[in-house]
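User: I am new to this structure, so please walk me through the terms as we meet them, and set each value against its definition.

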Amino acid sequence: MSRTGPVKRVTLWCRSAERSLALYRDILGLTVLEDKVVSGEAIARLAGLRDCTMRIVHLASGDSTHGWIGLYEVSNADPMPGEVTVPRGDRMTYGQATIVLQTDRLDEIVPRLERAGFVFMTRPTAYLKAAASPSMPAGRYTEAVFFDPDGVPVALYSFEPA
């Protein structure tokens with residue numbers, strides 16, 4: 001028996017909520033559920049800071065109650081947030097997380113990402129999953145992996161039944 005529920009949200013600490021919204025809302029089509037600005041010592045402590053202002057944008061696919069993406073932009077921070085070492089752009093890095101989203105519009109989204117200048121680690125690549133598992137059916141999967149504005153890998157995949 002699990003001791004926790006399903007993943008509620010993945011929080012992305014982003015340099016610019018607007019740049020990230022241009023991807024997650026405008027290109028990938030996620031819905032903004034909440035867009036707010038909060039500040040003060042209590043909210044800062046949640047980020048390991050003494051003080052800050054934080055813009056918080058929560059997005060989801062449709063009206064999902066789980067699997068949200070949170071864009072958290074910190075400003076006026078004391079101390080200033082640190083920088084993550086940018087991972088390699090040509091392969092995965094241990095300890096690196098990837099956001100994985102299913103789509104039936106991969107052929108439409110990839111050209112939009114290319115025109116917007118996003119860097120791909122993996123161009124759309126198809127592979128066959130011959131045997132079904134309880135949570136993933138057999139069939140043809142096509143997946144592409146690119147980096148969001150802050151270097152977070154995002155994988156998009158589509159599925160066709162066998």
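Analyst: Helices (H or I, at least four residues) and strands (E, at least two) are DSSP runs, numbered from the N terminus. With those names in hand, β5 and α3 can be introduced together, since each supplies at least two residues of the lining of the second largest pocket. This is a predicted model, in which local features need pLDDT of at least 70 and side-chain atom pairs count only at pLDDT 80 or more, while totals for chains, interfaces and linings use all residues. Residues are numbered from 1 along each chain as its sequence is written, and side-chain values use heavy atoms, with hydrogens and water left out.

User: What pLDDT does the protein average?

Analyst: On a scale from 0 to 100 that gives the predictor's confidence in each residue, the protein averages 94, and 100% of the residues score at least 70. Confidence is highest in helix α1 (residues 17-27), at 98, and lowest in helix α2 (residues 41-45), at a mean of 94.

User: What makes a space a pocket, and what is the volume of the second largest pocket?

Analyst: On a 1 Å grid over the protein atoms alone, a pocket is an open set of points with protein on both sides within 12 Å along at least five of seven lines, whereas a cavity is a set where a 1.4 Å probe fits but cannot get out; lining residues have an atom within 4 Å of a point. Grid points are joined across faces, edges and corners, and a volume is the space filled by probe spheres set on the points. By that reckoning the second largest pocket has a volume of about 310 Å³. It is lined by 16 residues, with L28, L30, S61, Q102 and T103 closest to its centre. The largest pocket holds about 760 Å³ of space and has 26 lining residues, among them W13, R15, G82, V84 and D150, which lie nearest its centre.

User: How do the residues of the lining of the largest pocket divide by class?

Analyst: Ala, Val, Leu, Ile, Met, Phe, Trp, Tyr, Cys and Pro count as nonpolar, Asp, Glu, Lys and Arg as charged, and the others, Gly among them, as polar. Sorted in this way, the lining of the largest pocket has 16 nonpolar, seven polar and three charged residues, and its largest share, four residues, comes from β1.

User: Why is T103 called buried?

Analyst: Buried means under 20% relative accessible area, exposed over 50%, and partly exposed in between (1.4 Å probe, protein chains only). T103 has a relative accessible area of 13%, so it is buried. This residue lies in the loop between β5 (99-102) and α3 (106-115), and, leaving aside neighbours within four places in sequence, it is in contact (heavy atoms within 4.5 Å) with I109, L156, Y157 and S158.

User: How do you know that N76 is exposed?

Analyst: N76 has a relative accessible area of 62%, and therefore counts as exposed. It is found in strand β4, and it has a positive phi of about 50° although it is not a glycine.

User: Why does V154 count as buried?

Analyst: V154 has a relative accessibility of 0%, so it counts as buried. It is found in strand β8 (residues 153-161), and, not counting residues up to four places away in sequence, it touches residues including Y24, L28, I99 and F146.
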